[in-house]
Amino acid sequence: MDPVTPPFLADLCVVLAALAAAAAAGWLANRDIAANLTRREKLAWALATGLLLQAIAVLVLLGVGTRPNAWKILVLEAAGATLATLATKSWRPSSQPAAVGGSGRALGALLWFVAGAAWLVFLAGSLADSMWSTDFLAFWGYKGQIVFLTGEIPRRLFRDPALYFAHAEYPFLVPLTFEALASFLGRWNDQALALVYPICSLATLLAISGFLARRVSRVSGAAAAALASLCVFLYRPANAGTAEIPLALGLVLASSAALDFLDQGGVANAGRLAVASLFCATLKQEGSLFVLVLAVMLWWRLRRVAPQKGRWLATASLVFPVATHGLLMRIARGSLPSRDFDFSLFEPSRWPELTNRFGLVVGRIVGTQARHALLPILALAVYFLVTRKAIADRLIPVFVTQLLVYAAAFTISAFGPTFAIDTALDRLTMSLFPAFTLVLGARLPTAFTSSVGESRTRLRPASETAGS
Amino acid sequence: MGRARLRGVLAVLSLLVLAASLASTLSPQETRARLDRLSQAISGVRGWRSDRASFWFDPDYAAFLDEVKRRTPESSTVAILVPQAPDLYLYQAMYRLAPRRVVEERWKNEADFIATYRSEAARGPGGAAITGGMLWTR
């Protein structure tokens with residue numbers, strides 16, 4: 001290897017440029033729907049939207065039988081962004097962008113220092129080796145590499161019985177992102193491609209801190225971002241190459257857009273709900289689940305809001321992208337047998353077994369997993385006792401429902417409940433954590449005030465603007 | 001100390017405990033080792049392999065897969081007879097040999113090549129010896 005021209009560094013710069021180009025396209029596409037957000041939030045939304053545009057560009061190129069390369073992707077990204085800007089031109093909110101407020105600049109800076117240090121550790125860890133997690137080798141990276149090397153999405157990715165472990169049912173945003181970035185490079189360098197993970201993690205921290213700075217306070221935002229950055233179980237090199245880290249970004253974006261819609265309504269916020277929904281759905285089924293639960297929460301919360309247009313708008317913005325994506329995937333790959341779940345457990349003759357299994361799941365989660373996490377659970381309990389209800393508490397039922405559905409899924413796992421819990425529970429829970437920091441961060445100022453509802457943000461009922 | 005102040009202190013303390021618990025799995029030793037590997041990757045040290053860490057379960061396996069890759073065309077199907085555990089033997093073969101179709105022993109009748117690694121099957125006749133195993137053309 002020639003030390004004068006280190007290819008890794010050169011490849012890393014190309015991947016960074018490709019991600020920057022995607023984010024620039026995303027920024028342009030979001031110009032109107034994200035007009036009222038802080039710059040930090042705009043960057044996070046730009047990355048998510050850019051990754052979607054990039055994947056759509058790759059799909060279009062593969063669809064017309066052309067091998068993707070940097071220029072073709074850039075042209076299509078720019079075209080997609082321009083179309084999105086034209087389509088959403090009238091959606092721009094009439095009010096001015098919110099100013100980041102609150103005191104505590106020094107404390108905020110200290111918390112950002114902590115978040116920055118944790119992020120740097122994750123950055124270095126992710127880029128130290130080529131991606132190596134089992135999920136990356138067995139499906140995310142494998143599929144991306146196959147698409148890149150063959151210039152198509154071969155049927156065998158869905159139909160080959162020898163790929164029984166490669167989760168044919170999984171969505172394609174992660175593999176298509178790898179394909180797009182490798183097309184910019186002109187070769188497959190899975191060490192340089194790993195850059196997408198620290199960039200997604202950075203976008204997540206920016207989205208958390210930007211949202212809370214806008215809606216609660218600067219310190220709340222910085223504290224929540226610092227907490228999220230320290231979630232080492234999620235932000236660790238073993239998760240580079242999987243869908244969990246981008247999914248965490250999607251969940252934060254969906255949660256923040258939902259809270260904005262609840263309090264402000266508006267077509268721009270509905271547009272953001274739709275973007276976040278598509279981003280989550282194209283990453284993993286857990287993302288679709290979260291978005292659908294969020295849609296139910298919005299439907300319930302907006303039940304007394306008039307006009308009802310806002311209620312339908314919010315729900316449709318979340319459900320339509322998930323349904324469309326599901327339908328397209330179904331058309332592309334056909335019907336697939338379920339390998340992960342044993343639905344015969346729902347037959348009346350197996351109900352006793354189902355009950356036993358659910359007991360096992362609860363016992364395992366409460367008895368083993370929760371015991372290991374006793375200290376952080378106690379800390380959370382104390383935090384909820386000494387703080388008061390805040391704007392993001394409306395997300396709590398969504399997190400609880402998501403966890404209950406996970407427990408139900410473990411119960412009917414075809415590999416047995418304990419195996420599923422031991423291999424997946426921590427990872428699934430941790431991908432929810434960054435979105436959960438919105439709840440924690442929003443509650444922080446209430447610990448220092450003597451009366452309820454002294455949050456900086458005055459909540460406007462959605463009825464004022466919903467559906468406008 | 002006022003009640004609000006006490007609540008504030010407790011809130012901050014509980015967040016600190018939560019943060020410390022979250023970060024407790026971070027290993028300074030592993031972080032230092034990764035920083036070393038990153039610096040080697042950036043400086044382009046001779047003989048550096050970015051995938052070395054991914055063969056933690058069997059460092060010799062990488063050379064075997066390299067040789068199978070060299071000796072088989074990209075359009076071929078390769079049956080891989082490797083240890084069952086850890087499953088990374090199979091996943092690494094699939095990933096490193098892509099876009100070749102890699103199958104397990106049960107589908108060996110569909111294969112153009114059969115590669116065996118540290119397996120009793122390697123003692124059979126007709127195969128070519130490769131690093132760490134044997135390769136049969138069918």
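Start by selecting A:Arg215, which sits in helix H8 (residues 196-215) of chain A. Keep in mind as you click around that you're looking at a predicted model. Is A:Arg215 buried or exposed? Count the other C-beta atoms within 10 Å and you get 26, and since 20 or more makes a residue buried, A:Arg215 is buried. Now add A:Leu259 to your selection. A:Leu259 and A:Arg215 are 44 residues apart along the chain, while their C-alpha atoms are separated by 9.7 Å.

For a contrast, jump to A:Pro348. You'll find A:Pro348 in the loop between helix H13 (309-333) and helix H14 (351-372) of chain A. A:Pro348 counts as exposed because it has 7 C-beta neighbours inside 10 Å, and the cut-off for exposed is 12 or fewer. Draw a distance line from A:Pro348 to A:Leu185: their C-alpha atoms are separated by 55 Å, with the two positions 163 residues apart along the chain.

One more stop in chain A: select A:His167, in the loop between helix H6 (156-159) and helix H7 (173-185) of chain A. With 19 C-beta neighbours inside 10 Å, A:His167 counts as partly exposed. Check its backbone angles too. Phi of A:His167 is near 50°, a positive value in a residue other than glycine. As background, most residues other than glycine have a negative phi.

**Where the chains meet**

Next, colour the two chains separately and look at the contact between them. How many residues does each chain bring to the contact? Chain A gives 46 residues and chain B gives 41 residues. On the chain A side, highlight helix H1 (7-29), helix H4 (105-127), helix H5 (134-150), helix H9 (218-229) and helix H15 (374-386), the elements that each give two or more residues to the side touching chain B. H5(A) has the largest share of that side, with nine residues. Try colouring this side of chain A by residue type: 33 of its residues are nonpolar, ten are polar and three are charged.

**The sheet in chain B**

Now hide chain A and show chain B as a cartoon. Look for five strands forming an open sheet, in the order S2-S1-S3-S5-S4, with mixed pairing. Which strands stand at the edges? They are S2 (101-103) and S4 (128-130) of chain B; each has a single partner strand, so one side of each is left without a neighbour in the sheet. Turn the view and you can follow the twist, which averages 25° from one strand to the next. Then bring in helix H3 (residues 61-71) of chain B, which packs on the sheet and touches S1, S3, S4 and strand S5 (133-137) of chain B. The direction of H3(B) makes about 135° with that of S4(B).

Zoom in on strand S3 (residues 113-117) of chain B. On one side, S3(B) runs parallel to strand S1 (residues 77-81) of chain B, and four bridges join the two. S3(B) also pairs with S5(B), this time in the antiparallel sense over five bridges. A good residue to click here is B:Thr116: B:Leu81 stands opposite B:Thr116, and in S5(B) the bridge partner of B:Thr116 is B:Met134.

Show the side chains of S3(B). B:Phe113, B:Ala115 and B:Tyr117 point one way, B:Ile114 and B:Thr116 point the other way, and all are buried. With five of its five residues buried, S3(B) is therefore largely enclosed by the rest of the structure.

**Two helices and two cis bonds**

Go back to H3(B) and add helix H4 (residues 88-97) of chain B. Their axes come within 10 Å and cross at roughly 40°. That crossing angle makes H3(B) oblique to H4(B), and the crossing is right-handed. To see the contact itself, select B:Tyr61, B:Leu65, B:Val68 and B:Lys69 in H3(B), which meet B:Tyr89, B:Gln92, B:Ala93, B:Arg96 and B:Leu97 in H4(B). The residues of this contact are six nonpolar, one polar and two charged.

Finish with the loops flanking H4(B). B:Pro86 is in the loop between S1 and H4 of chain B, and the peptide bond from B:Ala85 to B:Pro86 is cis, with omega near 0°. B:Pro99 is in the loop between H4 and S2 of chain B. The bond from B:Ala98 to B:Pro99 is also cis, with omega near 10°. For background, most peptide bonds are trans.

Note on methods: Residues are numbered from 1 along each chain as its sequence is written. Chains are lettered from A and ligands numbered from 1 in the order in which they are written. This is a predicted model: local features need pLDDT of at least 70, side-chain atom pairs count only at pLDDT 80 or more; totals for chains, interfaces and linings use all residues. Two strands pair if DSSP finds at least two bridges between them. Axes are lines fitted to C-alpha atoms, for helices over the stretch in contact, and angles run from 0 to 180 degrees between N-to-C directions. Two residues are in contact if their C-beta atoms, placed from the backbone, lie within 7 Å. Ala, Val, Leu, Ile, Met, Phe, Trp, Tyr, Cys and Pro count as nonpolar, Asp, Glu, Lys and Arg as charged, and the others, Gly among them, as polar. Angles under 35 degrees count as roughly parallel, over 145 as roughly antiparallel, 65 to 115 as roughly perpendicular and the rest as oblique. A crossing is left-handed if the near helix is turned anticlockwise from the far one by less than a right angle, and right-handed if clockwise.
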